[in-house]
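Please open the model in your viewer, switch to a cartoon representation, and keep the selection panel at hand. The tour moves from one selection to the next and says what is to be found at each stop.

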Amino acid sequence: MTVLCVRFQLPPESEAALPGLLGLLEEFTPVVEALPPDGALADLRGAERYFGRSAVELASVIRVRALALHGVDCVIGAGPGPMLARVALRDARPGVTCAVPEDAVAEFLADRPVAALPGVGTATSRTLCEYGLDTLGRVAAAPLSTLQRLIGARTGRELHEKAGGVDRGRVVPNGVSRSLATERPFPLDELDPDRHRRALLSAAEELGARLRALDKVCGTLTLTVRYADRTATIRTRTLREPTAHSAALTRAAYAMYEALGLQRARVRALVLRAESLAPAEQASHQLTFDPVDEKVRRVEEAADRVRAKFGPGAVIPGALAA
């Protein structure tokens, strides 16, 4: 084992704790890749030699330190590479690290559904299942030419390798300073699209307020939909112009959600992330001459002043109606 995939069990709206938790991982290795809003990959190749312990043993130390120093538990998957560590994370539980056996990678993957592989979306999984290729073992045993005819030459080749346990990925150190995120978990797995949209509206309003408070704008918005079976769908959209305008963020979030075409999906949480942040003073704003849009912007400015004075929970009577 050389790579850990760690998901910190952060309370809702506690993304601010992630940089400190990443710092905890960096005490063991400088090769840490943030997976906002609550996860990270850590390459422990050098740490295993330095500390004289395996990655699984180091995972136990990391878990104890996260609890002791930050009051945050975590689930950890371990594998020879980042892709395998992510797959292992699906079976991990608090207090127990799930590790992929290095000498039995293909056997570990064989009975798992195709969607268990990171990067395999709903459409690809559905296409393969229609032809009976519903497990990674069957995908690995299928002729490469068959996969390439079904899902394309490059995608078919990559999927065939991954299903056979070939992990060519690497951990790329990065940071979380150029992004902001907010999560809307549901108390029970939620089927109602109207409740999904209300959660997205709330998340976009919060992101907009946080961006404006920092005098930042974002150029990219990412939506993560987490389902009851612990899988997730991620969609990213580049905005027409960098913005901190809540209405523009809401429109982009709605568009990504509707493009997914979810029907009776049991959604556990929605995460909205603002990326490619830049100073607001450097952003251009296209004039629309739309009186409704200008009114909404004035209401936002007034709401921001109230929040700055009375705190983030303050509201303006009638502001939502506007």
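## First stop: a hairpin and its turn

Begin by selecting Arg 230, which is partly exposed, with a relative accessible area of 40%. Bear in mind from here on that the model is predicted. Arg 230 sits in the loop that connects β7 (216-227) with β8 (232-243), and although this residue is not a glycine, its phi is positive, at about 75 degrees. The two strands form a hairpin with 4 residues between them, and Arg 230, with its positive phi, belongs to that hairpin.

Now extend the selection to β7 and β8 themselves, which run antiparallel and are joined by 8 bridges. To find one place along this pairing, pick Thr 224, which stands opposite Ile 234 in β8.

## Second stop: the sheet around the hairpin

Add the remaining strands of this sheet to the selection. What is the order of the strands in this open sheet? The 4 strands follow one another as β6-β9-β7-β8, with antiparallel pairing. At the edges lie β6 (179-190) and β8, each of which pairs on one side only. If you look along the sheet, neighbouring strands are turned against each other by 15 degrees on average, with direction ignored.

On the other flank of your selection, β7 is joined to β9 by 11 bridges, and these two strands run antiparallel. Selecting Cys 218 together with Leu 277 shows one facing pair, since Cys 218 stands opposite Leu 277 of β9.

## Third stop: α11 and the loop that follows

Next, select α11 (246-260), and with it the loop between this helix and β9 (267-279), where Arg 264 is placed. The helix has 15 residues, and from its first C-alpha to its last it reaches 22 Å, close to the 21 Å expected at 1.5 Å a residue. Colouring by accessibility will bring out its buried residues, among them Ala 248, Leu 249, Ala 252, Ala 253, Tyr 254, Met 256, Tyr 257 and Leu 260.

Step just beyond the end of α11 and pick Gly 261, which takes a positive phi of about 60 degrees. Then move on to Arg 264, where phi is again positive, at about 55 degrees, although this residue is not a glycine. Is Arg 264 buried or exposed? With a relative accessibility of 67%, Arg 264 counts as exposed.

## Fourth stop: the mixed sheet

Clear the selection and turn to another open sheet, in which 5 strands are arranged in the order β2-β3-β1-β4-β5 and the pairing is mixed. Its edge strands are β2 (32-35) and β5 (98-99), each pairing on one side only. Starting from the β2 edge, you will find 4 bridges joining β2 to strand β3 (residues 39-43), and the two run antiparallel. Within this pairing, Glu 33 has Leu 41 of β3 as its bridge partner.

Continue to strand β1 (residues 3-8), which runs antiparallel to β4 and is joined to it by 6 bridges. Here the residue to select is Leu 4, whose bridge partner in β4 is Ala 78.

Which residues of β4 point one way, and which the other? Cys 74, Ile 76 and Ala 78 point to one side of the strand, while Val 75, Gly 77 and Gly 79 point to the other, and all are buried. Because 6 of the 6 residues of strand β4 (residues 74-79) are buried, the strand is largely enclosed by the rest of the structure.

On its way to the other edge, the sheet changes its sense of pairing, for β4 and β5 pair in the parallel sense, over 2 bridges. The bridge partner of Gly 77 in β5 is Cys 98.

While these strands are on display, highlight two cysteines: Cys 74 counts as buried at 0% relative accessibility, and Cys 98 likewise counts as buried, at 13%. A search of the whole structure for disulfides finds 0.

## Last stop: two crossing helices

Finally, select helix α8 (residues 144-151) and helix α9 (residues 153-163), whose axes come within 7 Å and cross at roughly 130 degrees. The two helices are therefore oblique to each other. Rotate the view until one helix lies in front of the other, and you can follow α8 as it passes α9 in a right-handed crossing.

Definitions and conventions:
Residues are numbered from 1 along each chain as its sequence is written. This is a predicted model: local features need pLDDT of at least 70, side-chain atom pairs count only at pLDDT 80 or more; totals for chains, interfaces and linings use all residues. Side-chain values use heavy atoms; hydrogens and water are left out. Buried means under 20% relative accessible area, exposed over 50%, partly exposed in between (1.4 Å probe, protein chains only). Two strands pair if DSSP finds at least two bridges between them. Axes are lines fitted to C-alpha atoms, for helices over the stretch in contact, and angles run from 0 to 180 degrees between N-to-C directions. The expected span of a helix is 1.5 Å times one less than its number of residues. A disulfide is a pair of cysteine sulfur atoms within 2.5 Å. Angles under 35 degrees count as roughly parallel, over 145 as roughly antiparallel, 65 to 115 as roughly perpendicular and the rest as oblique. A crossing is left-handed if the near helix is turned anticlockwise from the far one by less than a right angle, and right-handed if clockwise.
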